[in-house]
Amino acid sequence: MPQDAFSIKHTAAELNRVLSGAKINRVSQPDKDDVYLLTYSKTGSRVLVLSSNAENCRVSFISEEKPNPKVAPNFCMLLRKHLQGGRITEISQKDSERIIEISLETLNELGFTMSKKLIF
């Protein structure tokens, strides 16, 4: 099914309903096109996959993860540095486009709260 702006709007609304307030426990990147966010909220833990594959791009939940490589890619390490331990405050669609914006609150090295956005 093609991901047009209309379906992205409803996907973002459902993700916001389910993941608002969820904590990101783990970030992994099993291959070059997929990033997994292991989240924990009051409804339980879920794995959110952000896939930028040209044929199968998607944002969805999965039940089984792919095995991770022994050495994490640099992009995964960067995401871990900025996202791990953060709380998702909102998931929304950006300006009626096919863009999903994930707003987060994280702590920096000094313990101050920082607002960050992951745009997909």
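## Pairing of β1, β2 and β3

In this predicted model, strand β1 (residues 23–31) runs antiparallel to β2, and six bridges join the two. One contact in this pairing places serine 28 opposite tyrosine 36 of β2, its bridge partner. The connection from β1 to β2 is a hairpin of two residues.

Strand β2 also pairs with β3 (residues 44–51), again in antiparallel orientation, through eight bridges. Here serine 41 has glycine 44 of β3 as its bridge partner. As with the preceding connection, β2 passes into β3 by way of a hairpin, and two residues form the link.

## Burial of strand β2

How many of the eight residues of β2 are buried? Seven are, and the strand, which spans residues 34–41, is thus mostly covered. In a regular strand, side chains point alternately to one face of the sheet and to the other. For β2, burial is defined as a relative accessible area under 20%, and seven of its eight residues are buried in that sense.

## The largest pocket

The largest pocket has a volume of about 260 Å³. Its lining includes Gln3, Ile8 and Thr11, together with Ser51 and Ser52. Cys57, Arg58 and Val59 also line this pocket, as do Arg98, Ile99, Ile100 and Phe120.

Two elements, α1 (5–19) and β4 (58–62), each contribute at least two residues to the lining of the largest pocket. By class, the lining of this pocket comprises six nonpolar, four polar and two charged residues. The charged residues are Arg58 and Arg98.

## The second largest pocket

The second largest pocket holds about 180 Å³ of space. Among the residues that line it are Lys81, His82, Leu83, Gln84, Gly85 and Gly86. The lining also includes Thr106, Leu107, Asn108, Glu109 and Lys116.

Which element gives the most to the lining of the second largest pocket? It is α2, with three residues. Both α2 (74–83) and β6 (100–107) supply at least two residues of this lining. In terms of chemical class, the second largest pocket is lined by two nonpolar, six polar and three charged residues. Lys81, Glu109 and Lys116 make up the charged group, while Leu83 and Leu107 are the nonpolar residues.

Technical notes:
Residues are numbered from 1 along each chain as its sequence is written. This is a predicted model: local features need pLDDT of at least 70, side-chain atom pairs count only at pLDDT 80 or more; totals for chains, interfaces and linings use all residues. Side-chain values use heavy atoms; hydrogens and water are left out. Buried means under 20% relative accessible area, exposed over 50%, partly exposed in between (1.4 Å probe, protein chains only). Helices (H or I, at least four residues) and strands (E, at least two) are DSSP runs, numbered from the N terminus. Two strands pair if DSSP finds at least two bridges between them. On a 1 Å grid over the protein atoms alone, a cavity is a set of points where a 1.4 Å probe fits but cannot get out, and a pocket is an open set with protein on both sides within 12 Å along at least five of seven lines; lining residues have an atom within 4 Å of a point. Grid points are joined across faces, edges and corners, and a volume is the space filled by probe spheres set on the points.
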